[in-house]
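Work through these exercises with the structure open. Try each task before reading its solution.

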Amino acid sequence: MTHAVHESALLHATCEARYVHDLALRDPTALHAWPVQSTHAHAHVKGLDASRALQMPGVRAVLTGADVPGAQQIGPVRHDEPLFPSEVCYHGQPVCWVIADTEAEARAAASQVQVAYEPLPALLTIEAAIAADSFLTQPQTIETGRPDEEMAASAHRLSGELRVGGQEHFYLEMQCAYVHRDAAGGLHVHSSTQHPTETQITVAHVLGVPAHEVICEALRMGGAFGGKETQASSFAAIAALGCLVTGRAVVVRLDRRRDFAITGKRHPFLARYEVGFESDGRLRALRVELFSNGGYSLDLSAAIMNRALFHIDNCYRIEHLRARGRVARTHLPSNTAMRGFGGSQAMVIVEEIVDRVARTLGLPVEQVRERNFYGPGDRTHYGQEVRDADRIGRIWRELMTSSRFTERRRDLAAWNARSRDTKRGLAITPVKFGISFTTTYLNQAGASVLVYRDGSVQVNHGGTEMGQGLHTKVRVVAARALGVLPQSVRLMPTRTDKVPNTSATAASSGSDLNGEAVRRACVELRERLAPVAGQLLGCAPGEVTFADGRVSGAGKLVAFVEVVERAFLQRLPLFAMGFYATPGIHYDAQRGRGEPFRYFAYGAAVAEVEVDGFTGHYRLLAIDILHDVGDSLAPLIDRGQIEGGFLQGMGWLTCEEVVFGPDGALRSRGASTYKLPGIGECPERFVVNTLGRASEAGAVFGSKATGEPPLMLAISVREALRDAVAAFGGIGPVALGCPATPEAVYWAIQERTRPGSGA
Ligand code: MTE
Ligand code: MOS
């Protein structure tokens, strides 16, 4: 069987794939917008003088709040983001926008806009926000059992604190929107957005027009990773406003530096915890308090904290647990969705806790992990049954065997005994990630499937393509469900006038939701065509099968296109809408109970590293991954998601550091000051396998979501580094920064080998 390759693979490889950036630059009549950015982290805007800028060459307008006919405030959940702030709340925040004939002219004029500020005190860290009682949310809690009593009754207890760093999305195509008036007078928004409907609605609100006046189209994104789930909308709103004011097409196109400074990132987290456990390493009680740095506005921070609380168990049964989370408000860009969506941060935290428990007891960490796994019939702390919990153990054992973990552990100990200044570390970590939006109503999707008289098919659905291969998977679904060849199915650019009221393509659920909506539309068409085929073939509709562009029954065969033509002549509609709302999921946030996920995605990874004791520099020697993708719709796509997700997670946990100065200005502003994993950081041996016999009953054609879960496989790298640090000497737990940069590893070794540290 040949596997589907990415439907844009050839275009990607030949640089012919078009992005919103390209569309924008192909229109020579379009005007360009450039932001005037705040030079303070927090200040009142006392005055704004654009007179000099307006006299600069090519300048058409300076957009301010006075130009807005509709809503002044945007924001996906809470409307707390002023498009033109009178109080700036982070360094680099756009204060107003210059519109000019060219980008260079807009940029030159932006530097001439005079803004008078009255500086105010700024909060930059979670700790500072806690001290000032500055929060964006009330605390959320999920509790099960009797955490206080059982903590007191545990044989052992330990408490600690962990800070987990943020992460820049670093999509290759930066935020971009291009808006023009179409021939019918409506606003046509081209946006690099994961959420065309929200972008459409935001533009409509700001312009004060009904949604039907605005079309949002998302051809494809040059990467998004959560960064364009909510944060594409403000740029589309600026372009649309510019279009309204000037009567011309307007482009907003950020460069790397501005994108880095203006948009939010993965949330840094602070965890304070106390864990009670038994002498065999079994976890008995856990109390954990999570704080995230939300930045200046709410954005999706509450949902991200919610997902963190849902994943503080990872794969572990903790019968008595209280997890509390609260989002700190600081004067930073508003942090937002990023692959893993809070679940990732929580899983780093619980893996650190389990490691500390094991090292406190002097037990092998992998043994303590395994000992705490969920078993069949177990329920999570929010009450959802871990339906296929046996998969955790199955993956674990299969990976232990295929990676030769036990032998390597032995060899590694011998190697470390011989090597004084360089040590190796080995770790295996599991992943359990809940699939569905935790906000239940978002779990819906629509599609329209059009069959033309020549038998070719157009598929429209609400999902967006960001490189993850959604269109490729949906094409497989449509071809299979309709019984046609994949090449006769064309996936159309996502447009809000084709499928309305869609959810963001996020939460890894793009193919589950849109794939199922498309499948249903195809099934409806097939059911309509079956009686027609029955007439042609001389059999009952129920005996007709559709496959590979052929329709068969009663031992005979006709081409799909013949059936289509016959149906057309019989005046049957050759198009159908499909709709899917994930069944069975629900969650009561007040009680912290429910079944928020359709199913869980599982995986595990083994990492081996080598660390230089003098510098903290390390190499990634080998990675072995076993991941559960169900019955994959597109194995090559899934492999790409596993490898890419893993490396992105590894970057987050080992080398990427978002650094702000004491003035709140971003110091890491590009690839030169923000270390991304490069080819040199890739594992020397990288083995990726998928679990066999793993069909998922709850998803389209048995396939499982793969967008986010593999990111958390990278926790194995951090734990392997910790294992190597431990090999330098000393006993008990190993404190290690997160990200575990070479610098952090160096300090961890210093701490470990310091005279008097027990070494
Ligand atoms: N893969 C690529 N190449 N580019 C991306 O931007 N985003 C990730 C993941 N994989 C992303 C990616 C994120 S954050 C999510 S939620 C999923 O893809 C979204 O797509 P899906 O639901 O279709 O898996
Ligand atoms: Mo992904 S963070 O859910 O866009």
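**Exercise 1: two packed helices**

Find how helix H16 and helix H17 are oriented to each other: H16 and H17 are roughly perpendicular, because their angle falls in the range for that word (65 to 115 degrees). The model is predicted, local features need pLDDT of at least 70, side-chain atom pairs count only at pLDDT 80 or more, and totals for chains, interfaces and linings use all residues. Residues are numbered from 1 along each chain as its sequence is written, and side-chain values use heavy atoms, without hydrogens and water.

Solution.
- Locate H16 at residues 510-537 and H17 at residues 560-569. Helices are DSSP runs (H or I, at least four residues), strands likewise (E, at least two), numbered from the N terminus.
- Read the packing: the angle is about 105° and the axes are 9 Å apart. Axes are lines fitted to C-alpha atoms, for helices over the stretch in contact, and angles run from 0 to 180 degrees between N-to-C directions.
- List the contacts (heavy atoms within 4.5 Å). On H16, they include Leu529 and Val532; on H17, Phe560 and Val563 are among them.
- Sort the contact residues of H16 with H17: seven nonpolar, one polar and two charged.

**Exercise 2: a three-stranded sheet**

Which strands stand at the edges of the open sheet?

Solution.
- Take the order, S23-S24-S25, with antiparallel pairing. Strands pair if DSSP finds at least two bridges between them.
- S23 (545-547) and S25 (556-559) each have a single partner strand, so they stand at the edges.
- Check one pair: three bridges join S23 and S24, and Phe546 stands opposite Val551 in S24.
- Add the helix: H17 lies across S23, S24 and S25, at about 70° to S25.

Note on methods. Chains lettered and ligands numbered in written order. Parallel < 35°, antiparallel > 145°, perpendicular 65-115°, else oblique. Nonpolar A, V, L, I, M, F, W, Y, C, P; charged D, E, K, R; others polar.
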